[in-house]
Amino acid sequence: MDASPEAQQQVGGLVLVRRQPPKPRGLTETLKARLQRSCRCSVPRAWALVQDLIPATRWLRQYRPREYLAGDVMSGLVIGIILVPQAIAYSLLAGLQPIYSLYTSFFANLIYFLLGTSHHVSVGIFSLLCLMVGQVVDRELQLAGFDPSRDGLGPGDNSSTVNSSVAMLEPGLQDCGRDCYAIRVATALTLMTGIYQVLMGILRLGFVSAYLSQPLLDGFAMGASVTILTSQLRHLLGVRVPRHQGPGMVVLTWLSLLRGLGEANVCDVVTSAVCLVVLLAAKALSDRCRHHMKVPLPTELLVIVVATLVSHFGQLHKRFGSSVAGHIPTGFVPPQAPDLELMQHVALDAVSLALVGSAFSISLAEMFARSHSYSVRANQELLAVGCCNVLPAFFHCFVTSAALSKSLVKTATGCRTQVSSVVSAAVVLLVLLALAPLFQDLQRCVLACVIVASLRGALRKVRDLPQLWRLSPADALVWTATAATCVLVSIEAGLLAGLLLSLLSLVGRTQRPQATLLARIGDSVFYEDAAEFEGLLPPAGVRVFRFSGPLCYANKAFFLRSLYSLTGLDAGRSAAKRKGQGSELEAGEGDPMEGKDPESSGTRLVPVVAGFHSVVIDCAPLLFLDMAGMAMLKDLRRDYRALGVSLLLACCSPLVRDALQRGGFLGEDQEAEEEQLFPSVHSAVEAAQARYGELVAANSVL
């Protein structure tokens, strides 16, 4: 293979011959080739496209019923049993009727079964998204003249106006009541959220969710959980307080609760206390005995069934005025297109919902894929979750995403594929068609207890904050700021604040990476941080500097400050000062060293203040080098050369080496490159000491 001299590099007697890159094609040729590949049609390509868009067509052919079916059926039944009480309870958060939560759970499971790439994720109603939907619904209800404090549950005398049949919920807006308008707002918001997620998937923006860091998501979950807990206190206590909107909603709600505490319903308070004790004790028992239990206890369902029976036979609503769920219709309503005008109103709100839903869905899919040794496609996950919002929006559903708690239960009960989602959808369908009206006497405080008990895991994350602070104060700051902003301002502001802080943290770590001086480990050829380890031997007359980050326009000033501070020599100022002194000598009696080679003069070899003759930069952690960093290195080499100090680079990656070559730092000849670049720090140190010894010997002869 022929290679130009520039493509050859000699390292320790070995010659590296670089491969010649292929000649780049022009923009027109590249676009033409891509269009030809995209527009080429054949049966195999069409079938491959269908399999990519609908992954179920691929893995269903490989389904092994003897191995998978039992686990899928068991997990599907358990998730379906859990979904029913959660769907009814989470309707409180969204400000909608329970029937719409059941619709959402049904359609989301079926669509993700076809389009999802994760085998274990459970997609459906999610408490954080329900809260965000509920806040948008309350705002739009207030703007339309409805009272947001009138929940979408219960009969007319129980703070709601619910029609006796589902078919009556579909007239025009002029005849549409509070609950009818609420679901219109929710479906418009859901369609916009799904459109954003589908567009992100089409444009292959799955990487965007990576910028929602785990501390941000944990802090957001914590802050949103406090907000959810606050919103459910009025149901736990049975008091009627206004539903506040905007900044400070949590604080204002607490103040309203304190003022209305004397009006608390004793029946609701007692029921809430009993249900919370049972739910939390059962969860603690399940956590302790999870290794010995093949199926988790369906505590929520048992509590709801028992509470419904007690409320029905004890007539708690009539005798004590306790709020109940009210009539829950059965069956499906005809599909209806979301309102275009409402979609314009909620377009901005849908952005935060799309980001949060996408981030949680992708992160959960990747987490379960890693633990079970298979792969998922982030862009396809965006398409799947987006379709779980776009298509159901026409069937009176609201925003969904993957949920951690149900996904963990799904995995623990033997789930192998998304066939379990079909089983869960069948359970929900049974409730939709026959069993839903049985829960009409269920107290709202019991539903609130189910919601509060589900927040246990998110609220306990506050215990991880001290450990997070020890590991990374920047991540702990992101966690705290996100949670605090969610609680004190709003959850949308908390998400934005957390995202900005995460990006600033990333920029800060890039702008101010770790900079250290290295020293030799005994007689070995390895070098480490002299400030961190004891007993290291600094090389005589050489300073080894390591900069653990990229060298670019954002941190070049920090690079110089760190180098000058650690070496004890400000090369820029010293070179300028020496140049000024040289100019004064030339203007006076003349330079006493005139006629001598400045590089061979012993007075120029080692600056008296610095005590070193060479600087070696360990470029191994140097990720990349831009034009500003290149110019700074050239200026640094010039200043050091004016002081008689040589600058050497070691362990340069091919990317950095190519940048140095293209930027003209190495010169055109191969010898210049070999004199400045070295494969290891030790070889650079030895070369610097050898060159200095030769200069000293030559100077003594002169």
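The following exchange discusses a predicted model, its six-stranded sheet, one tryptophan and a charged patch.

Q: Before we start, what kind of model is this?
A: The model is predicted: local features need pLDDT of at least 70, side-chain atom pairs count only at pLDDT 80 or more, and totals for chains, interfaces and linings use all residues. Residues are numbered from 1 along each chain as its sequence is written, and side-chain values use heavy atoms, without hydrogens and water.

Q: What is the strand order in the open sheet of six strands?
A: The order is β6-β5-β7-β8-β9-β10, with mixed pairing; strands are DSSP E runs of at least two residues, and two of them pair if DSSP finds at least two bridges between them.

Q: And which are the edge strands?
A: They are β6 (527–529) and β10 (677–678), each pairing on one side only.

Q: How does β7 connect to β5 and β8?
A: Four bridges link β7 to β5 (residues 515–520) in antiparallel fashion, while five bridges link β7 to β8 (residues 614–618) in parallel. A515 stands opposite F547, and V542 has S614 as its bridge partner.

Q: How many residues of β7 are buried?
A: Five of its six residues are buried, meaning under 20% relative accessible area with a 1.4 Å probe, protein chains only.

Q: Changing topic: is W479 buried or exposed?
A: W479 is buried, at 6% relative accessible area. Its C-alpha lies 9.7 Å from that of A221, 258 residues apart along the chain.

Conventions
Patches are made of residues with over 30% relative accessible area and no salt bridge: like charges are joined within 9 Å, nonpolar side chains (Val, Leu, Ile, Met, Phe, Trp, Tyr) within 5 Å. Accessible areas come from the Shrake-Rupley method with a 1.4 Å probe; for residues, only the protein chains shown count as cover. A salt bridge is a side-chain nitrogen of Lys or Arg within 4 Å of a carboxyl oxygen of Asp or Glu. Lys and Arg count as positive and Asp and Glu as negative; His and the chain ends are not counted. The place of a charge is taken as NZ of Lys, CZ of Arg, CG of Asp or CD of Glu. Buried means under 20% relative accessible area, exposed over 50%, partly exposed in between (1.4 Å probe, protein chains only).
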